[in-house]
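This briefing is for a reader who has not met this structure before. It starts with one contact and then goes topic by topic.

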Amino acid sequence: MDSFQEKTRKFLPFVEELRSKLYWSAVTFAVVFVLGFFSTPAVLKFFVSTFSIESVVIATTSPFQLTDLAVSLGIFSALIVTIPLSIFQIYYFIFPGLNKKEKRILLASVPVCILLFVFGFIFGASILFSAFKFLAVINESLGIQNIWSISSYLSEIFITSSLLGILFEFPLIITGLIKLNIMTVTALKQKRRLAWLIVFIVVSILPPTDGLSLIAMSVPLILLYEVTILINKNKKTKIL
C-alpha cells in the first residue's frame, strides 16, 4: 500500500501540470467565445462584402437568427483557437521525454500542420464561393429568386472549409504512421485506388454536391496522397 502511494505521489506533479493546462484551455475557450460572440457584427460585415453575389439577397429568416449565429460564431472561434492551443500544450507536456530527432520532427510538423489547414480552408472557401455563384446563376436563369439564409450560407462556407482544412492534414498523419512502422509506402501504393475512392466518398459528403466541386476538392487531396508517397518512398518500414 505504501509502495502504491509512493508511486502515485511521483505522478502527482504531472497530473497537476496537466490539470493546469486543461484549466487554461477552458479559460481560453470562454474568453475567445465571448470575443467571437460580440465581434459578430464586424465579422458579418466582412463576410457579406467578401462573399457577396450580385443576384443573391442574404437575409435573416427569424428574429433571433443573428443571436444564434453569434453563438455559433463564438463556439467556432473558440474551437479554432483552443484546439491548436491544446495540441501545443500536449506537445509541450511530452516534449522533455523526446530525443533530439523526435523533437526536430515535432517542431517541424507544427508549422506544416498550420499551413496545410490554412491552405485547405482557403481552398475550400474559394471552391464553395465559385460553386455558389454558379448555382445562383442557374437559379436566376430558371426565374428563381436567390434569397439565402445568412446562417446557412455562413455555416456551409465555414464548416465545409474547416473540414476540408482538417482533411488536408492527412499527409502528416500518414507520414507519422510510416515513421512509427505502422504503415508502409508499399501498402499505400497497393491501396492507391481504394484511397482515391475514400477521398471521393468523404468529399461527396461535404456541400456542395455538384460534380464539378467534388472533383475540384478531391484532386488536391489525391495529389497530397501521391506527394506523401513520394516524400516517404525511401522509408523502409515493417507493418507491426
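## A contact on helix H6

The side chains of Thr175 and Asn232 make a polar contact at 3.3 Å. Thr175 belongs to helix H6. The model is a predicted one, and the points below cover its overall make-up, helix H6, the nonpolar cores, a salt bridge and some single residues.

**Overall make-up**

- The chain is built from nine helices and two strands.
- Starting at the N terminus, the order of these elements is α-α-β-α-α-β-α-α-α-α-α.
- The chain has 240 residues, and 30% of them count as buried.
- About 15,700 Å² of the chain is exposed, with 73% of that area supplied by carbon and sulfur atoms.
- When contacts between residues at least 6 apart in sequence are taken, 84% of them join residues at least 24 apart.

**Helix H6 and its surroundings**

- Helix H6 spans residues 170-179, and its buried residues are Phe170, Pro171, Ile174, Thr175 and Ile178.
- These buried residues lie on the same side of H6, because the arc they cover around the axis is only 140 degrees.
- The partners against which the buried residues of H6 pack are helix H5 (150-167), helix H7 (185-190) and helix H9 (211-231).
- Thr175, one of the buried residues of H6, touches Thr228 as well as Asn232, when residues up to four places away in sequence are not counted.
- Asn181, just after H6, has a positive phi of about 65 degrees.

**The largest nonpolar core**

- The largest nonpolar core consists of 20 residues.
- Leu164, Phe168, Leu221 and Tyr225 are the residues with the most contacts inside this core.
- Helix H4 (100-141), H6, H7, H8 and H9 are the elements that each give two or more residues to this core.
- Among these, H9 gives the most, with six residues.
- Leu221 is in contact with Leu164, Leu167, Phe168, Phe170, Val199 and Val203, leaving aside its neighbours within four places in sequence.
- One of these contacts of Leu221, Phe170, is also among the buried residues of H6.

**A second core and Ile53**

- A second core, separate from the largest, has 16 residues, including Leu44, Ile53, Ala125 and Trp148.
- Ile53 is found in the loop between helix H2 (40-50) and strand E1 (56-59).
- Is Ile53 buried or exposed? Its relative accessibility is 10%, under the 20% limit, so Ile53 counts as buried.
- With residues up to four places away in sequence not counted, Ile53 touches Phe129, Phe132, Lys133, Ala136, Trp148 and Tyr153.
- Ile53 and Val137 are 84 residues apart along the chain, and their C-alpha atoms are separated by 9.6 Å.

**The salt bridge**

- How many salt bridges does the count give? The count comes to one.
- This salt bridge is formed by the side chains of Arg192 and Glu226, with an N to O distance of 2.8 Å.
- The pair links distant parts of the chain, as Arg192 is in helix H8 (residues 192-205) and Glu226 is in helix H9, 34 residues apart.
- Arg192 counts as partly exposed because its relative accessibility is 25%.
- Glu226 has a relative accessible area of 22%, so Glu226 is partly exposed too.

**Ile229 in helix H9**

- Ile229 is a residue of helix H9.
- Ile229 counts as buried because its relative accessibility is 4%.
- Apart from neighbours within four places in sequence, the residues in contact with Ile229 are Val185, Leu188, Lys189 and Arg192.
- Lys189 is 40 residues from Ile229 in sequence, and the C-alpha atoms of the two are 7.5 Å apart.
- Arg192, in contact with Ile229, also takes part in the salt bridge with Glu226.

**Ser25 in helix H1**

- Ser25 sits in helix H1 (residues 2-38).
- Ser25 is buried because its relative accessible area is 7%.
- Which residues are in contact with Ser25, leaving aside its neighbours within four places in sequence? They are Thr82, Ser86 and Gln89.

Conventions:
Residues numbered from 1 in each chain as written. Predicted model: local features only at pLDDT ≥ 70, side-chain atom pairs only at ≥ 80, totals over all residues. Heavy atoms only, no water. Buried < 20%, exposed > 50% of the residue type's maximum accessible area, 1.4 Å probe, protein only. Helix = DSSP H or I, 4+ residues; strand = E, 2+ residues; numbered from the N terminus. Arc of directions from axis to C-beta. Contact = heavy atoms within 4.5 Å. Salt bridge = Lys/Arg side-chain N within 4 Å of Asp/Glu carboxyl O. Polar contact = N/O pair within 3.5 Å; in protein donor to acceptor, adjacent residues only side chain to side chain. Areas by Shrake-Rupley, 256 points an atom, 1.4 Å probe, with all protein chains shown as cover. Core = buried A, V, L, I, M, F, W, Y, C linked by side-chain atoms within 4.5 Å.
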